[in-house]
Every structure is written in C-alpha cells, then in structure tokens.
Amino acid sequence: MAKRLLLMRHAKSDYPAGIDDHDRPLNRRGRLAAALMGAYLAEAARLPDLAYVSTAARAQETWARMTVEAQMEPRASLYHASAATMLEVAAEAPDGAETLLLLWHQPGIQDAANRLIGAHQVLDYATAQIVTLEVGIDRWRDLAFGGAQLVDVAAPKRLV
C-alpha cells in the first residue's frame, strides 16, 4: 500500500520592523498564494488527511488561508527543521492517515524532498510550493530517505 506525502513551504512572508522571525506574517502575495494552493489541493484531489504545520506565524497563516478541511496539528519541531527532523515528525502520524501534509521552511524542506526522492530533482523550492510524493509504506514510521517517488511539483507561479 502506498501513502502520499505533501511537502509544502510556507507562503511569502513580510518582514515588519521589530518582529521576531518566528512571528512574521504573510505579505499580500503570500496571502493570495496560500488560497491558490488550497484550491489546487482540492482540484487535484490531493487533500490531506492530516497536516503537521510549523508553529511560525507565516506557516500557521499559510495553513489558515488555504481553507483546507483537514486535521491540523502545530509542530514546534518543524520550525527551521532539518530533513532528519522531518522524518521524526512524519513518524508520529497515525497509520490511518493516507495523505500527510508537512508545512515548514527552507532549507530543510528542499533537502528533505531531494533526500526522500534520492536525487536532486527539486532544485528551487518556491514559497507556497507543494511537492507531492508517493511512498510505498504502510506505516509512517517506515518513511525513509530514498524511498519516495516524485509525483508533482506545484507552485503558485506555475498555476496561474
């Protein structure tokens, strides 16, 4: 049995003066892109069963603006997480979740996508981009680098 893994980078954020990195909101372009990517998931029949989202404000706002009807759990460990940390977070997902979305940050997300695929096929991870992977596992704790197949790369600029 195969599972689907969606790796999403947060949408474009703003840089207001005096705001800590963790608390930065989305800018106008980011707000629009988040909504577009939520519509893309619905149209492509790729809605997740479960989403683990970085606790950073820009990641949480991205998820909220996508208006996806799915269970979301914030994960502080995804804030600037490495590829290895991503594996640990994914391993926490219940096996009943057939499609898992992980929403976090560069550079860990690009490294994770490439290591899961086992090749450097994802070269530029745009903001709000979603990489869809198929993984031949029954249990999320069995997710490993090199065990995924690239299905699709979708970014806001490519969808409009």
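A residue counts as buried when its relative accessible area is under 20%, and as exposed when that value is over 50%. Keep those two cut-offs in mind as you move through this predicted model.

**Stop 1: strand 1**

Select residues 3-9, which form strand 1. Six of the seven residues here are buried, so by that cut-off the strand is mostly covered. Now look at the neighbours. Add residues 130-135, strand 5, to your selection: six bridges join this strand to strand 1, and the two run antiparallel. For one pairing to zoom in on, pick leucine 6 and its bridge partner in strand 5, threonine 132. Next add strand 4, residues 99-104. Six bridges join strand 4 to strand 1 too, but this pair runs parallel. Here you can pick leucine 5 together with leucine 100, its bridge partner in strand 4.

**Stop 2: histidine 10**

Step along to histidine 10, in the loop between strand 1 and helix 1. Is histidine 10 buried or exposed? Its relative accessibility is 6%, so histidine 10 counts as buried. Show glutamine 129 as well: it is 119 residues away along the chain, yet the two C-alpha atoms are separated by 7.8 Å.

**Stop 3: helix 1**

Select residues 28-43, helix 1. With 16 residues at 1.5 Å a residue, helix 1 should span 22 Å, and its end C-alpha atoms are 23 Å apart, which agrees. Try that distance in your viewer.

Now colour Gly30, Ala33, Ala34, Met37, Gly38, Tyr40 and Leu41, which are buried. These residues cover an arc of only 155° around the axis, which puts them on the same side of helix 1. Why can residues spread along a helix share a side? An α-helix has 3.6 residues a turn, so residues three or four places apart point the same way. Turn to the other side of helix 1 and you will find Arg28 and Glu43, which are exposed.

**Stop 4: the largest pocket**

Stay with helix 1 for a moment, and bring in helix 5, residues 156-159: these are the elements that give two or more residues to the lining of the largest pocket. The volume of this pocket is about 240 Å³. Of its 14 lining residues, select Arg29, Ala126, Thr127, Pro156 and Lys157, which lie nearest the centre. The whole lining has six nonpolar, three polar and five charged residues.

**Stop 5: some unusual backbone angles**

Most residues other than glycine have a negative phi, and most peptide bonds are trans. The next three places to visit go against that pattern.

- Alanine 45 sits in the loop between helix 1 and strand 2 (50-54). Its phi is positive, about 55°, although this residue is not a glycine. At 59% relative accessibility, alanine 45 counts as exposed.
- Histidine 80 is in the loop between strand 3 (71-75) and helix 3 (83-90). Here too phi is positive, about 55°, in a residue that is not a glycine. With 42% relative accessibility, histidine 80 counts as partly exposed.
- Proline 107 lies in the loop between strand 4 and helix 4 (108-117). The peptide bond joining glutamine 106 to proline 107 is cis, with omega about 0°. Proline 107 is exposed, and its relative accessible area is 66%.

For a last selection, keep proline 107 and add alanine 81. The two are 26 residues apart in sequence, while in space their C-alpha atoms are 8.5 Å apart.

Technical notes
Residues numbered from 1 in each chain as written. Predicted model: local features only at pLDDT ≥ 70, side-chain atom pairs only at ≥ 80, totals over all residues. Heavy atoms only, no water. 1 Å grid on protein atoms, 1.4 Å probe; cavity = no way out; pocket = protein on both sides within 12 Å on 5 of 7 lines; lining within 4 Å. Points joined across faces, edges and corners; volume = space filled by probe spheres on them. Helix = DSSP H or I, 4+ residues; strand = E, 2+ residues; numbered from the N terminus. Nonpolar A, V, L, I, M, F, W, Y, C, P; charged D, E, K, R; others polar. Buried < 20%, exposed > 50% of the residue type's maximum accessible area, 1.4 Å probe, protein only. Pairing = 2+ DSSP bridges. Expected span 1.5 Å × (residues − 1). Arc of directions from axis to C-beta.
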